[in-house]
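Here is a short tour to read with the structure open beside you. Take it section by section, and keep the viewer handy for each residue named.

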Amino acid sequence: MEEFGCTFCAQTVTSRQKALLCGGCDRWQHRRCHTGVDRATYRQAVRTGQDIAWTYLYCKDKTPVPIAASSMINTGK
């Protein structure tokens, strides 16, 4: 079994624990480690088989630079 470290507490996240996968960086975080997802919401999603759209706090703060803007060449015109 593969093990991952929680993005918040750095403790191992196992397959038996309640955890969320970040949609931005594909890293795991325990539900109880300040994800903002309450127990009832998590349980309902598990029961119904629905995904919880969740993003790690630091992924939310990152504003990607558009490729066009980051590779723009100044021609001096």
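## Cysteines

Searching the whole structure turns up zero disulfides. Please bear in mind that this is a predicted model. C25 is a good place to begin: the nearest cysteine sulfur belongs to C59 and is 3.5 Å away, and C25 is in no disulfide. Because a disulfide calls for a pair of cysteine sulfur atoms within 2.5 Å, the 3.5 Å between the sulfurs of C25 and C59 does not qualify.

C33 can be read in a similar way. For C33 the nearest cysteine sulfur is that of C9, 3.9 Å away, and C33 is in no disulfide either. How do the surroundings of these residues look? C25 is partly exposed, its relative accessible area being 27%, whereas C33 counts as buried, at 7% relative accessibility.

## Around C59 and the core

Which residues does C59 touch, once its neighbours within four places in sequence are left aside? The contacts of C59 are with C22, G24 and C25. So C25, whose sulfur is the nearest one partner in the pair described above, is also listed among the contacts of C59.

C59 and C22 both belong to the largest nonpolar core. This core has seven residues, and the other members are L20, V37, Y42, W54 and Y56.

## The start of the chain

F4 sits in strand 1, which covers residues 4-5. Is F4 buried, exposed or something in between? With a relative accessible area of 36%, F4 is partly exposed.

Setting aside the neighbours within four places in sequence, F4 is in contact with Q11, T12, V13 and W28. A backbone distance can be added to that picture: the C-alpha atoms of F4 and T14 are separated by 7.2 Å, with the two residues 10 apart along the chain.

## The chain as a whole

Stepping back, the secondary structure comes to three helices and four strands. Along the sequence they follow the pattern β-β-β-β-α-α-α, so to speak of order here, the strands are written ahead of the helices.

The chain has 77 residues, and buried residues make up 22% of them. The accessible surface comes to about 6400 Å², with 50% of that belonging to carbon and sulfur atoms. As for contacts between residues at least 6 apart in sequence, 33% join residues at least 24 apart.

Definitions and conventions: Residues are numbered from 1 along each chain as its sequence is written. This is a predicted model: local features need pLDDT of at least 70, side-chain atom pairs count only at pLDDT 80 or more; totals for chains, interfaces and linings use all residues. Side-chain values use heavy atoms; hydrogens and water are left out. Helices (H or I, at least four residues) and strands (E, at least two) are DSSP runs, numbered from the N terminus. Buried means under 20% relative accessible area, exposed over 50%, partly exposed in between (1.4 Å probe, protein chains only). Contact means heavy atoms within 4.5 Å. Accessible areas come from the Shrake-Rupley method with a 1.4 Å probe; for residues, only the protein chains shown count as cover. A nonpolar core is a set of buried Ala, Val, Leu, Ile, Met, Phe, Trp, Tyr and Cys residues joined through side-chain atoms within 4.5 Å.
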